[in-house]
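Here's a quick briefing to read alongside the model. Have the structure open and follow along.

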Amino acid sequence: ALVSLRQLLDHAAENGYGLPAFNVNNLEQVTAIMEAANEADSPVIMQASAGARKYAGEAFLRHLISAAVEAYPHIPVVMHQDHGQSPAVCMAAIKSGFTSVMMDGSLEADGKTVASYEYNIDVSKEVVKFSHSIGVTVEAELGVLGSLETMQGDKEDGHGADGKMTREQLLTDVEQAADFVKATQCDALAIAIGTSHGAYKFTKKPTGDILAIDRIKEIHTRIPNTHLVMHGSSSVPQELLAEIRQFGGDMKETYGVPVEEIQEGIKNGVRKINIDTDIRLAMTGAIRRYFIENPSKFDPRDYLKPAREAAKKVCIARFQAFGSAGQA
Ligand code: G3H
Ligand code: 13P
Ligand code: ZN
């Protein structure tokens, strides 16, 4: 059944676990996640970006999700709008039946320019107002995502060209978070603690202090009733990169967020963990392998099946590692 994000995250908080939130764009990803959740007995957060709606089309996306709910009636499913760029995008998502929206007011509506604090409060507050009146959950974002290794802002968020940033600029401020939550009444808050989007997060194998776990703890202690969200949480498994390279792909040396670091985050108050890149890597590796090993095959089902299996494997591993397995 479709449930609200607030319901799922409240349960996760009460029971001390975290929930992966996987991005979806097509049938194979939706079915991979649902098969994994069914096997692991985990609740599900599926999220779609503006890019996903553009790729699949609003109607197809909407019906894919309702198909998932219909096929697995015993699994609680949240349909979440990822990185809504404006109140209008969030409103459109709600009209499509989404039970949760992210108003990403950390950036202006162009998705690139870093927004003022006042702008972020204004748009987040507006979205909370119309969402809460109909039981839809709201995630907001405060801070600039970026790597504490390279001290660079998130490239996908348009900060790449800004050059080096300071540690404080790359971490969500504790008092500002408290002020922001009080002003907006958002249910969940995406915070900057050292993660960034995409496959290229770290240039070296991360050591223990790659995430600002202390900051997570401080923010959680200050705003215990607001669920913390980690974006850019793919682990970029080396074996998936190796498979892509082995079968003709060109991917440079790169590292993601180790699962153990995410587990530390969960212990300190993180409840929603966003993952897109790992599923992309898994599917790409499987498809590359299939084409090389089976050059005469041309039925899309033949190569999409192993791609779906590979995505499913990633999902099961995260459900188990984050503790949501067995909680459906
Ligand atoms: O935060 C970004 C997610 O990975 C979605 O990516 O905008 O390419 O769909 P996308
Ligand atoms: P990754 O690129 O690390 O998978 O992060 C996805 C994300 O944060 C979607 O909002
Ligand atoms: Zn994100």
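Ligand 2 has 13 residues around it, and the closest are His231, Ser234, Asn274, Asp276 and Thr277 (a residue counts as near if its C-beta atom, placed from the backbone, lies within 6 Å). Keep in mind that this is a predicted model: local features need pLDDT of at least 70, side-chain atom pairs count only at pLDDT 80 or more, and totals for chains, interfaces and linings use all residues. Residues are numbered from 1 along each chain as its sequence is written, while chains are lettered from A and ligands numbered from 1 in the order in which they are written.

**Around ligand 2**
- β3 (77-84) and β10 (270-275) each chip in at least two residues of the shell; strands are DSSP runs of E, at least two residues, and helices are runs of H or I, at least four, numbered from the N terminus.
- Sorted by class, that shell holds one nonpolar, ten polar and two charged residues (Ala, Val, Leu, Ile, Met, Phe, Trp, Tyr, Cys and Pro are nonpolar, Asp, Glu, Lys and Arg charged, the others, Gly among them, polar).

**Helix α2**
- With 14 residues (27-40), α2 reaches 20 Å from first C-alpha to last, close to the 20 Å expected (1.5 Å times one less than its number of residues).
- Just past the end of α2, Asp41 has a positive phi of about 55°.

**α9 meets α11**
- Leu240, Leu241, Glu243 and Ile244 of α9 touch α11 residues Leu281, Ala282, Thr284, Gly285, Arg288 and Arg289 (contact puts C-beta atoms, placed from the backbone, within 7 Å).
- That contact has five nonpolar, two polar and three charged residues.

Conventions
Contact = placed C-beta atoms within 7 Å.
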